[in-house]
Protein chains: 2
Amino acid sequence: MKPELTDRKLQILAAVVREYSETGEPVGSKSLAADLNLSSATIRNEMSDLAELGLLEQPHTSAGRVPTAKGYRLYVNQLMHRQPLSERDKREIDDMLPGQVEDPGVLAEAAARALAELTDCAAVTTTPADDQATVKQVRVLPLSRQTVVVAALTSSGLMKSRICLVEGGVTPDMLEKFIRFAEEQLYGLPLSDFQQGLTQTLAVQMGDLSLLPIMAALQETLASAAQAELLLQGQSNLLKHRRFGGEQAVRLLEFLSRGRPLLRILHHSGEGVQVVLGNETGEEALEHSGLVVSPYRVGDREMGSIGVIGPDRMDYEHIIPSLEYFAYRIGRLLSDALDEE
Amino acid sequence: MKPELTDRKLQILAAVVREYSETGEPVGSKSLAADLNLSSATIRNEMSDLAELGLLEQPHTSAGRVPTAKGYRLYVNQLMHRQPLSERDKREIDDMLPGQVEDPGVLAEAAARALAELTDCAAVTTTPADDQATVKQVRVLPLSRQTVVVAALTSSGLMKSRICLVEGGVTPDMLEKFIRFAEEQLYGLPLSDFQQGLTQTLAVQMGDLSLLPIMAALQETLASAAQAELLLQGQSNLLKHRRFGGEQAVRLLEFLSRGRPLLRILHHSGEGVQVVLGNETGEEALEHSGLVVSPYRVGDREMGSIGVIGPDRMDYEHIIPSLEYFAYRIGRLLSDALDEE
DNA sequence: TTTAGCACTCATGCAAGGAGAGTGCTAATC
DNA sequence: GATTAGCACTCTCCTTGCATGAGTGCTAAA
């Protein structure tokens, strides 16, 4: 039958996790004896119990102990206490971000770059995307004889555009008609309305099939405005961590560059800062790695995510508050740009 | 005194390069004997001469020979004959690229991704950027109480925008005034005029300092439109090549993500497809790697570059024609979008 | 319940030895 | 005079054996 999970056992687990995070080596009983005022033998007994509980494991018979995923999870959820960010740290982060948002994509990229540098891990952000945002402005600009550029601005401050080929050219008449239609019928509609191909319907409604290609381009533009893009930085940092050797590194980088599966993980994590252990995702490529993820929001609307990807034994106590601050700061900057309080 | 560089020596050099490219192992005299209808002893003599000429070298006394940078350069310049691309290959490439340009950035990214996948190396493209392109259209769209979005379209089909904070808000009057000014004074000017901060001058010319922030945003927008962006794909492919182990891989990836130095290399390479050997660049991070680079053009104007980054012993004979075709195709697609012939 | 002591288990590092690949040189051959 | 066969020599790489040391589990004493 299972041993009981006493308070002291938890303390020992925490100590093992901390030491293991620092050194990356299995931790033995002796190295903890001093810290905890107990003999190594006592600790050995306790560790043996912890192993039985599935919280620690041994790489081989005569090595020290290493926390299991379950052990780590327990630590992260209950044992860890976050190290608050100093004012200095905050200022450092502020300095790495733009003072105001000139372009949401640029902001997201700067944030990812800063976060990667700060944590020595890979960092990922999504560009702000909100399919509840609405169509704010639409413009159609002639580019060449047979092409126009369709541009759309959303209420979330995102500007997107598409080049659109119109066989036979475009007359000023057509443009005006299109713009009028857009103003009357489309302004204020949420982007989510444009995910599916309702182009046809709209074109018919417009009563002019020659505008179909422009309508199609506009729809694609709006659809893409609702789509979050993934910005990845600091992949090379991952290689520095001994944890990712050979095969594993290739798999991990390849996974990250695939984009979609990573997006899914970002979306599925909940409210505030979340720790996701690689093993828990079922993704083979994420073995031995961990993510710390947080959404950022404008007002009470989730606009995107920011996250750190590193070895599962990264320094959560420090990274979590940093990430939290990043998310807060990004939200703040975006809100400022949109005049929202 | 130096041995003469006979025809047969060149043949042997070529054979060494080819075999080395395939296997990555130093190549011995025996393995070439069969191919060239000579005894291994003869080849040994010749190889010894080639070593004296600085074209081959030995990792250690009793290993086979490896081409030096000089040897590789000679091979690339004179000995290699490109393998023409099959129609099938061309179609495959066509299928991986969009059928028409909807957005230049998307095209560049798709090309990089396709190229990386095809070559199993890293690939890089720059977004089209031409500082001789001109200002085609300018728009200012109100976003919120205190912000507007300044958008600009260039003659090269690039649409860029910036969010711009205007303390105190913006009146329709101001907007109209600004647009009129832009239409009259700025349309047709080359982007290169906006690289330096001539904002002040223009604002004074405009006679209304309250428009200064908008003018500044416009200038930044136009400056950024002249700036090529770097799109990198397939970094993880590099790790698969045994050539990049440990330290070297970190340095290389880190170098790539730095961006600027890579841009410099892309810009400095000449007319058509160029092979750049890492050693020749003086960049330590590029040791053991090679680049194949080509500009792509619209009309006779260079708009950007596309390149492959891999181990210096990559398969140039195949990669060069592929890259050439990519460059041709990108140029073609862009030309189509701009109605140029 | 805690601790000291001890036998036991493995990973790791190092030295020695053998196998194999490839060379350079010399002398024979075409 | 160029080419080739033969051979001694040099190095790397792999294997094996052995010593070392960290760490454990168990038992018996405190």
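A polar contact, as used in these views, is a pair of N or O atoms within 3.5 Å. Everything shown comes from a predicted model.

**View 1. R8(B) and its partners at DNA strand D.** Start with R8(B): one of its polar side-chain atoms sits 2.9 Å from a phosphate oxygen of DNA strand D. R65(A) also reaches a phosphate oxygen of this strand, with a polar side-chain atom 3.0 Å away. R44(A) goes for a base instead, placing a polar side-chain atom 3.1 Å from a base nitrogen of DNA strand D. Two elements give two or more residues each to the surface near this strand, namely helix 3 of chain A and helix 3 of chain B. Helix 3 of chain B is the top contributor there, with four residues.

**View 2. The wider surroundings of DNA strand D.** Step back a little and you find 20 residues around DNA strand D. The closest are S29(A) and R65(A) from one chain, plus R8(B), T42(B) and S62(B) from the other. Sorted by class, the surface near DNA strand D holds twelve polar, four charged and four nonpolar residues. What do the strand's atoms within 4 Å of the protein belong to? Sugar or phosphate accounts for 78% of them, and bases for the rest.

**View 3. Polar contacts at DNA strand C.** Here backbone atoms join in. A backbone N or O atom of S39(A) lies 3.2 Å from a phosphate oxygen of DNA strand C. From chain B, S62(B) offers a backbone N or O atom 3.3 Å from a sugar or linking oxygen of DNA strand C. R44(A) shows up again, this time with a polar side-chain atom 3.4 Å from a base oxygen of DNA strand C.

**View 4. The surface near DNA strand C.** DNA strand C has 20 residues around it, and the closest are R8(A), T42(A), S62(A), S29(B) and R44(B). Helix 3 (40-52) of chain A and helix 3 (40-52) of chain B each supply at least two residues of this surface. Which helix gives the most? That would be helix 3 of chain A, with four residues. The surface near DNA strand C is made up of four charged, four nonpolar and twelve polar residues. Among the strand's atoms within 4 Å of the protein, 74% are sugar or phosphate, and the others are in bases.

**View 5. Chain B laid over chain A.** Rotate chain B by 180°, with 0.0 Å of shift along the axis, and it superposes on chain A with an RMSD of 0.1 Å. The two copies are therefore related as by a two-fold rotation axis. Both copies use the same surface, with 100% of the contact residues of chain B recurring in chain A.

**View 6. The domains of chain A, and how far to trust them.** Chain A splits into domain 1 (7-79), domain 2 (87-129 + 228-340) and domain 3 (135-225). The C-alpha centres of domain 1 and domain 3 of chain A are 61 Å apart. The mean pLDDT of chain A is 90, and 96% of the residues score at least 70. Strand 3 (residues 122-126) of chain A has the highest confidence in the chain, at 97, while helix 8 (residues 199-206) of chain A has the lowest, at a mean of 66. Where pLDDT is low, don't read the predicted coordinates in detail.

Note on methods: Residues are numbered from 1 along each chain as its sequence is written. Chains are lettered from A and ligands numbered from 1 in the order in which they are written. This is a predicted model: local features need pLDDT of at least 70, side-chain atom pairs count only at pLDDT 80 or more; totals for chains, interfaces and linings use all residues. Side-chain values use heavy atoms; hydrogens and water are left out. Domain bounds come from an automatic or database domain assignment. A residue is near a molecule or strand if one of its heavy atoms lies within 4 Å of it. A polar contact is a pair of N or O atoms within 3.5 Å; within protein, one must be able to donate a hydrogen and the other to accept it, and residues adjacent in sequence count only if both atoms are side-chain atoms. Ala, Val, Leu, Ile, Met, Phe, Trp, Tyr, Cys and Pro count as nonpolar, Asp, Glu, Lys and Arg as charged, and the others, Gly among them, as polar. pLDDT is the predictor's confidence in each residue, from 0 to 100. Copies are superposed by least squares on the C-alpha atoms of residues with pLDDT of at least 70 in both. Contact means heavy atoms within 4.5 Å.
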